[in-house]
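Trainee: Please take a close look at a single part of this model and follow its surroundings outwards, giving the cut-off behind each term as you go.

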Amino acid sequence: MIAGLFRRARARRRAVEGLHLALSQAARRPGLYTRLGVPDTVEGRFESLCLHAILVLRRLNRLPAPAAEVAQDLVNSVFTQLDASLRELGVGDMGVSKRMKKLGAAFYGRAEGYDVALEAGDTAALRAVLVRNVLGGEGDGRALSAYVQAADAALAGADLDGLLGSGPPFPEPDGFAPISDHAGDGGNP
């Protein structure tokens, strides 16, 4: 019986690690940085990771059990990665603790802001929080907002097996580039 519990725990951990890897890869897609305005900085990459994790958590929190447990495991995995990244940057133990508290508050504040705007279907509010948080106050956020809304819609059709198996169905960011980026091809997105 105990061996069965360990096998299930290992299998779940591997599945969550796979989900974390898939959302991390989505958060690193070049089009987010080159076409949608996410700053290619440590902060921009943190914001992109948070955004993608929040979108997946939003979906997990709407699925039946054991999705809530998977969501908690995913949060733990993301914050373990952030902790390790701070340590790799040379931040000491005392500094890591303080920064992790700030990162946690930032993460949950962003989660609430994104969730409220998406739930209300309020594109203007979504753009505002994305410009403030992800784009660092630069740009109008229209393309990034369209990407986030499309990602949220795609995730709404995903079940737990799909998320853990093939990963989150994030759209390709290049398809949401501003119209001015397509001037050479007749303005088609």
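Mentor: Contact, as used here, means heavy atoms within 4.5 Å. The model is predicted, so that local features need pLDDT of at least 70 and side-chain atom pairs count only at pLDDT 80 or more, while totals for chains, interfaces and linings use all residues. Residues are numbered from 1 along each chain as its sequence is written, and side-chain values use heavy atoms, with hydrogens and water left out.

The part I would choose is α4, one of the helices (DSSP runs of H or I, at least four residues, numbered from the N terminus). In the loop that joins α3 to α4 we find P66, and the peptide bond leading from A65 into P66 is cis, its omega being near 10°. The helix itself runs over 67-88, and its 22 residues carry it 31 Å from first C-alpha to last, which is close to the 32 Å expected at 1.5 Å a residue (the expected span is 1.5 Å times one less than the number of residues). After α4 comes G90, whose phi is positive, near 95°.

Ten positions could be read off as a pattern along this helix, but I prefer to name them: A67, V70, A71, L74, V75, S77, V78, F79, L82 and L86 are buried in α4 (under 20% relative accessible area with a 1.4 Å probe, protein chains only). L74 deserves a closer look, since, once its neighbours within four places in sequence are set aside, L74 is in contact with V16, L19, H20, L23, V56, L57 and L60. In soluble globular proteins, nonpolar side chains tend to be buried together.

Here the largest nonpolar core (buried Ala, Val, Leu, Ile, Met, Phe, Trp, Tyr and Cys joined through side-chain atoms within 4.5 Å) has 54 residues, and L74 is among those with the most contacts inside it, together with L60, L144, V148 and F170. Two or more residues of this core come from each of α1, α2, α3, α4, α5, α6, α7 and α8, with α3 giving the most, 10 residues. Two of the names just given, L144 and V148, are buried residues of α7, and the cover over the buried residues of α7 includes α2, α3, α5, α6 and α8.

α4 also takes part in the lining of the largest pocket, which holds about 520 Å³ of space. A pocket is an open set of points on a 1 Å grid where a 1.4 Å probe fits, with protein on both sides within 12 Å along at least five of seven lines, and its lining residues have an atom within 4 Å of a point; the volume is the space filled by probe spheres set on the points, which are joined across faces, edges and corners. There are 17 lining residues, and V42, R45, F46, L82 and S85 are the closest to the centre of this pocket. L82, as noted above, is one of the buried residues of α4. At least two lining residues come from each of α1, α3, α4 and α5, and the largest share, six residues, belongs to α3. By class, nine of the lining residues are nonpolar, three polar and five charged (Pro joins the nonpolar core types as nonpolar, Asp, Glu, Lys and Arg are charged, and the others, Gly among them, are polar).

Definitions and conventions. Buried means under 20% relative accessible area, exposed over 50%, partly exposed in between (1.4 Å probe, protein chains only).
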